[in-house]
Amino acid sequence: MSVQCLLALCLYSVGDGSIPQAIACPQDQDARTEGKERTEEDVHWITNRTFRVGLKKSSGGAISWIGEAGTERNLINAYDRGRLVQQSWYGKEDGSRWKEQSWRWNPVQGGDWQGKAATILVQRLEDDKAYIKSQPVHWASGTDLTDCVMEQMVTLFDEWIHVQYQFQYNGQQAHPAVHQEMPAFFVDAKLTTLSVYDGDTPWTDAPLSRFQPRFPNEYKSMTEHWAAYTDADDFGIGCFTPHADELTCYRYGSDPSLPSSCSYFAPIRTLAVKPGGQFTYQVWISIGSIDQIRARFSRIARTLPSPAPQ
C-alpha cells in the first residue's frame, strides 16, 4: 500500500478512530529534558539568508527550531520528545499506558514520554538541507519499533521551508483507519492566535477564521489546507498541507513563559497502517505576518496539481 500526499503530543487515546485527545503534561518535566537536550551539540543547524532551522539529534532529527536567520527567537516548542515538528502515527489500542491513561500503538519520531531518544540510522547534512532516516519509539511503552522507519528531508528556500516525510511499516499487525497527524506541529505558546480559512471560496482572500484554541483538542476544517499561529504583533509560523482539509488543535498552559506551555495543531487524515504500508507526504512551512504566510501558500497552491478524488 502506498499513499502519496502533498501536505504541510501530549495526547489521550479514544476508541472511535479520532485523534487521541490532549492530556495535561506535568509542569516539572523540564528537568527531564533540559541540559544536554538544549546544548548546541544536540542540534544540527541548517541556514540560508531567510531561515535558521535546528534538527534535534536526540529526537530522531525532528525539527526543534525554526526562526529568522540571524535571530535567537525560536518559534517551535521543543519541551519534550512529543513536541517539536515531527511524524507521529497511530494504530490499534495495545494495552500500553501513558502515565495513568490507556494508550495505543504510536510510533513517534522524537522518542517516548519519559525522555527515551529515538535512533538516527542515516543522516546526510548540508548547509541548507538535511536528510535523516530514523527508528521511532512507541510513545507510551518506550519500545524501539524496529519494524518502523521514518525519513525526513528538510530543504530551505527563500520564502519557505520544504519538508518531505516518509513512514515505512514492516510489521505484521494490521492497524485500523484512524486520524493521523501529518505532522504534529508544536509552537511557542506566545503564538496565541490560530488562523485558518474554513469557508467555501478558497484562495479568494475571503476573511480568515482567527481564534485561540482551548484545551483539550478542538477540530476545524481548513479548505485552503493551511493554518498558522501568530503573536500579538501578527508575526508567526504556518504550515501548508495540500491534501489535508481538517486539523486538530489546542493550546496548553496558563503561563506562556513556561516551557511546558504550547500552541499546537496537526493537519489530519484518516489512514490505516497495514503490513508493508508506506506513506509519503510533503509540507511547506513559512514565517512572517499572516498576510505574508497566506500569499506564499497561495503561490505554492497554484503550482500543484489538483488532488485526486478521495
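Which backbone oxygen does the side chain of Q109 reach, at 3.2 Å? I will come to that in a moment. What you see above is a predicted model, so please keep that in mind throughout.

Start with the whole chain. It has 310 residues, and 61% of them count as buried. DSSP runs give 2 helices and 24 strands. The exposed area is about 12,100 Å², with 47% of it supplied by carbon and sulfur atoms.

Now the opening question. The side chain of Q109 reaches the backbone oxygen of G60, and the distance is 3.2 Å. Q109 sits in the loop between strand 10 and strand 11. Is this residue, Q109, buried or exposed? Q109 is buried, because its relative accessible area is 1% and the cut-off for buried is under 20%. Leaving out residues up to four places away in sequence, Q109 touches a list of residues that includes S59, G60, G61 and A62, then Q86 and Q87, and also A118, S134, M150, Q152 and Y165. P136 is on that list too. Along the chain, P136 and Q109 are 27 residues apart, yet 4.8 Å separates their C-alpha atoms.

The next residue is another glutamine, Q166. Q166 belongs to strand 15, which covers residues 161-169. With a relative accessible area of 18%, Q166 is buried, since the limit is 20%. Which side chain does the side chain of Q166 join in a polar contact of 2.9 Å? The partner is T280. Besides T280, the contacts of Q166 outside its neighbours within four places in sequence are Q87, V149, M150, E151, Q278 and F279. You may have noticed Q87 and M150 before: Q109 touches both of them as well. For K133 and Q166, the sequence separation is 33 residues, and the distance from C-alpha to C-alpha is 9.1 Å.

On to a helix. Helix 2 runs over residues 290-303, which is 14 residues. From its first C-alpha to its last, helix 2 reaches 21 Å, close to the 20 Å expected at 1.5 Å a residue. Which residues of helix 2 are buried? They are I290, I293, R294, R296, F297, S298 and I300. Note that two arginines, R294 and R296, are among them. The cover over these buried residues includes strand 17 (193-196), strand 18 (209-211), strand 20 (226-230), strand 21 (236-240) and strand 24 (278-288).

Now the charged pairs. How many salt bridges does the structure hold? There are 9, and I will go through some of them.

One is between R49 and D158, whose side chains meet at 2.8 Å, N to O. This pair links distant parts of the chain, 109 residues apart: R49 is in the loop between strand 4 (43-47) and strand 5 (51-56), and D158 is in the loop between strand 14 (148-156) and strand 15. R49 counts as exposed because its relative accessibility is 70%, and the cut-off is over 50%. D158, at 41%, counts as partly exposed.

Another joins the side chains of D144 and K116, at 3.3 Å, N to O. D144 lies in the loop between strand 13 (137-138) and strand 14, and K116 in the loop between strand 10 (107-108) and strand 11 (119-125), so this salt bridge ties together parts 28 residues apart in sequence. D144 has a relative accessible area of 32% and is partly exposed. K116 is partly exposed too, at 32%.

A further pair is R210 and D234, with closest N and O atoms 3.2 Å apart. R210 lies in strand 18 and D234 in the loop between strand 20 and strand 21, so the pair ties together parts that are 24 residues apart in sequence. R210 is partly exposed at 42%, and D234 is partly exposed at 26%. Which residues do salt bridges with shared partners join into one network? These are E159, R296 and R299. R296 is one of the buried residues of helix 2 mentioned earlier.

Last, the cysteines. C249 is buried, at 0% relative accessibility. C262 is also buried, with a relative accessible area of 0%. The count of disulfides comes to 0.

That is the end of my part.

Key. Residues are numbered from 1 along each chain as its sequence is written. This is a predicted model: local features need pLDDT of at least 70, side-chain atom pairs count only at pLDDT 80 or more; totals for chains, interfaces and linings use all residues. Side-chain values use heavy atoms; hydrogens and water are left out. Helices (H or I, at least four residues) and strands (E, at least two) are DSSP runs, numbered from the N terminus. Buried means under 20% relative accessible area, exposed over 50%, partly exposed in between (1.4 Å probe, protein chains only). Contact means heavy atoms within 4.5 Å. A polar contact is a pair of N or O atoms within 3.5 Å; within protein, one must be able to donate a hydrogen and the other to accept it, and residues adjacent in sequence count only if both atoms are side-chain atoms. The expected span of a helix is 1.5 Å times one less than its number of residues. Accessible areas come from the Shrake-Rupley method with a 1.4 Å probe; for residues, only the protein chains shown count as cover. A disulfide is a pair of cysteine sulfur atoms within 2.5 Å. A salt bridge is a side-chain nitrogen of Lys or Arg within 4 Å of a carboxyl oxygen of Asp or Glu.
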